[in-house]
Amino acid sequence: MIIRGSLNFNFKFGGGTNSVSGGYEFNSFNFTSSDTFNGSISSDGFGADGSFSSLNGKFYGPSIDKVSGNITMNNGSNTLNGTFSANR
């Protein structure tokens with residue numbers, strides 16, 4: 001059971017640099033993890049890494065109205081794989 005979870009993204013397009021940054025916080029009864037991440041953007045998606053996490057995702061919609069993908073979180077003892085979906 002998830003007690004609390006949040007994920008935020010900051011996408012930068014243009015100016016010669018396309019990048020993604022952000023962070024997450026995840027809490028359940030038996031797993032807690034939080035981290036910040038930075039990465040790059042491709043033509044249809046993105047990938048990013050943090051100290052305790054990695055994620056990759058795809059863009060959806062003509063104005064990138066939605067992103068979804070996979071995240072791997074580590075809390076120093078255990079690793080948890082999950083999925084995410086976010087709307088603008």
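The following exchange works through a core, a charged pair and a serine in a predicted model.

Student: Which residues of the largest nonpolar core touch the most other members?

Tutor: In soluble globular proteins, nonpolar side chains tend to be buried together. The largest nonpolar core here has 15 residues, and strands 2, 3, 4, 5 and 6 each supply at least two residues of this core. Phenylalanine 84 touches, among others, Leu7, Val67 and Ile71, when residues up to four places away in sequence are not counted. The members that touch the most others are Phe9, Phe46, Leu55 and Phe84.

Student: How many residues apart in sequence are the parts that the salt bridge of aspartate 44 and lysine 58 ties together?

Tutor: The structure holds one salt bridge, in which the side chains of aspartate 44 and lysine 58 meet at 3.1 Å, N to O. Aspartate 44 lies in the loop between strand 3 and strand 4, whereas lysine 58 lies in strand 5, so the pair ties together parts whose separation in sequence is 14 residues.

Student: Is aspartate 44 buried, partly exposed or exposed?

Tutor: The category follows from relative accessible area, with buried meaning under 20% and exposed over 50%. Because aspartate 44 has a relative accessibility of 39%, the residue counts as partly exposed.

Student: With which side chain does the side chain of serine 33 make a polar contact?

Tutor: Serine 33 is found in strand 3 and is buried, with a relative accessible area of 5%. Residues that serine 33 touches include Glu25, Phe26 and Met73, not counting those up to four places away in sequence. The polar contact of its side chain, at 2.6 Å, is with the side chain of tyrosine 24.

Notes:
Residues numbered from 1 in each chain as written. Predicted model: local features only at pLDDT ≥ 70, side-chain atom pairs only at ≥ 80, totals over all residues. Heavy atoms only, no water. Core = buried A, V, L, I, M, F, W, Y, C linked by side-chain atoms within 4.5 Å. Buried < 20%, exposed > 50% of the residue type's maximum accessible area, 1.4 Å probe, protein only. Helix = DSSP H or I, 4+ residues; strand = E, 2+ residues; numbered from the N terminus. Contact = heavy atoms within 4.5 Å. Salt bridge = Lys/Arg side-chain N within 4 Å of Asp/Glu carboxyl O. Polar contact = N/O pair within 3.5 Å; in protein donor to acceptor, adjacent residues only side chain to side chain.
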